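Biologist: I am new to this structure and would like a close look at a single part of it. Please take me through that part and then its surroundings, step by step.

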Amino acid sequence: MMSPTEIAGFVLGLVMVVCSIRELHWSWPLAIISSLLYFFVFKSSLLYGEAALQLVFAVLALWGWWQWLRTGDDAQPALVIQRLSRKGWAVVVVASVLLWPALAVLLQTFTDSDVAWWDALPTALSLVGQALLGRKYVENWLVWLVVNVISVALFAHKGLWLTCVLYVLFTLMSVWGWRAWQARLTAARP
């Protein structure tokens, strides 16, 4: 059964991603509120990795908001959409490979989670995706695409149907975000 908390998180989550795609800094305060709402949704569903992730998202959203609001000496945004280097990709892969089992073991050891490994995977990848989004790497959308596909299955398993719909929409929005940021990146290059 859908709770008012899940419904509010759903609506704010959609608006937040649209703002991110459009590079509107208002995505970050919306992320804070949506994350706090989803903390309660996931906690009540025994998805402790996802619940804890929402608290981390709220803190990272403050950092992301600051990153996006910073300006350079010319009063232009300090960050522009950019691509990961090979070294950047290596860091993404290593961070993901290390975070997933570490989070899974934490969940198995300290919670009554019945899906510790499946909860830990999108949690680990989400941390990586959030860092990439905060620094405006276009590849953040690819990471979110993977997170969202995995999350749909996880939330269906838990019977969080509205959240499933949200993550199906997030999956589509990841493709939209990738294309939109790719186009902006191409247009910005001489």
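Is leucine 46 buried, exposed or partly exposed?

Modeller: This is a predicted model, and the answer should be read with that in mind. At 31% relative accessibility, leucine 46 counts as partly exposed, because buried would need under 20% and exposed over 50%. Leucine 46 sits in the loop between H2 and H3. Its phi is near 65°, which is a positive value in a residue other than glycine. That places the positive phi just after H2.

The loop before H2 offers a similar case to set beside it. Glutamate 23 lies between H1 and H2, and its phi, near 60°, is also positive in a residue other than glycine. Glutamate 23 is partly exposed, with a relative accessible area of 25%.

Now to the helix that ends ahead of leucine 46. H2 has 18 residues, which should span 26 Å at 1.5 Å a residue, and its end C-alpha atoms are indeed 26 Å apart. The buried residues of H2 include Trp28, Leu30, Ile32, Tyr38, Phe39 and Phe42. Among the elements that cover the buried residues of H2 are H1, H3, H5, H6 and H7. Serine 35 serves as an example from H2. Serine 35 is buried, with a relative accessible area of 5%. Leaving aside residues up to four places away in sequence, serine 35 touches Gln54, Phe57 and Ala58.

On the other side of the loop is H3, which covers residues 48–69. Two packed helices are described by the angle between their axes and the distance between the axes. For H3 and H5, the axes come within 10 Å and cross at roughly 5°. H3 and H5 are therefore roughly parallel to each other. The H3 side of their contact includes Tyr48, Leu53, Phe57, Leu60 and Trp68, while the H5 side includes Pro122, Leu127, Gln130 and Leu133. By type, the residues of the contact of H3 with H5 divide into 12 nonpolar, seven polar and two charged.

H5 itself runs over residues 116–134 and has 19 residues. From first C-alpha to last, H5 reaches 27 Å, close to the 27 Å expected at 1.5 Å a residue. H5 is mostly covered, with 15 of its 19 residues buried. Just after H5 comes lysine 136, which takes a positive phi of about 60°.

H5 also packs with H6, which covers residues 140–157. The axes of H5 and H6 come within 9 Å and cross at roughly 155°. H5 and H6 are therefore roughly antiparallel to each other, and H5 passes H6 in a left-handed crossing. On the H5 side, the residues that meet H6 include Trp118, Leu121, Leu125 and Gly129, and on the H6 side they include Trp141, Trp144, Val147 and Ile150. The contact of H5 with H6 divides into 13 nonpolar residues, five polar and one charged.

One last position lies at the start of the chain. Methionine 2 is in the segment before H1 and, at 47% relative accessibility, counts as partly exposed. Methionine 2 and leucine 162 are 160 residues apart in sequence, yet their C-alpha atoms are 6.8 Å apart in space. Not counting residues up to four places away in sequence, methionine 2 touches Ile7 and Leu162.

Key
Residues numbered from 1 in each chain as written. Predicted model: local features only at pLDDT ≥ 70, side-chain atom pairs only at ≥ 80, totals over all residues. Heavy atoms only, no water. Helix = DSSP H or I, 4+ residues; strand = E, 2+ residues; numbered from the N terminus. Expected span 1.5 Å × (residues − 1). Buried < 20%, exposed > 50% of the residue type's maximum accessible area, 1.4 Å probe, protein only. Axes fitted to C-alpha atoms, helices over the stretch in contact; angles between N-to-C directions. Parallel < 35°, antiparallel > 145°, perpendicular 65-115°, else oblique. Left-handed = near helix turned anticlockwise from the far one by under 90°. Contact = heavy atoms within 4.5 Å. Nonpolar A, V, L, I, M, F, W, Y, C, P; charged D, E, K, R; others polar.
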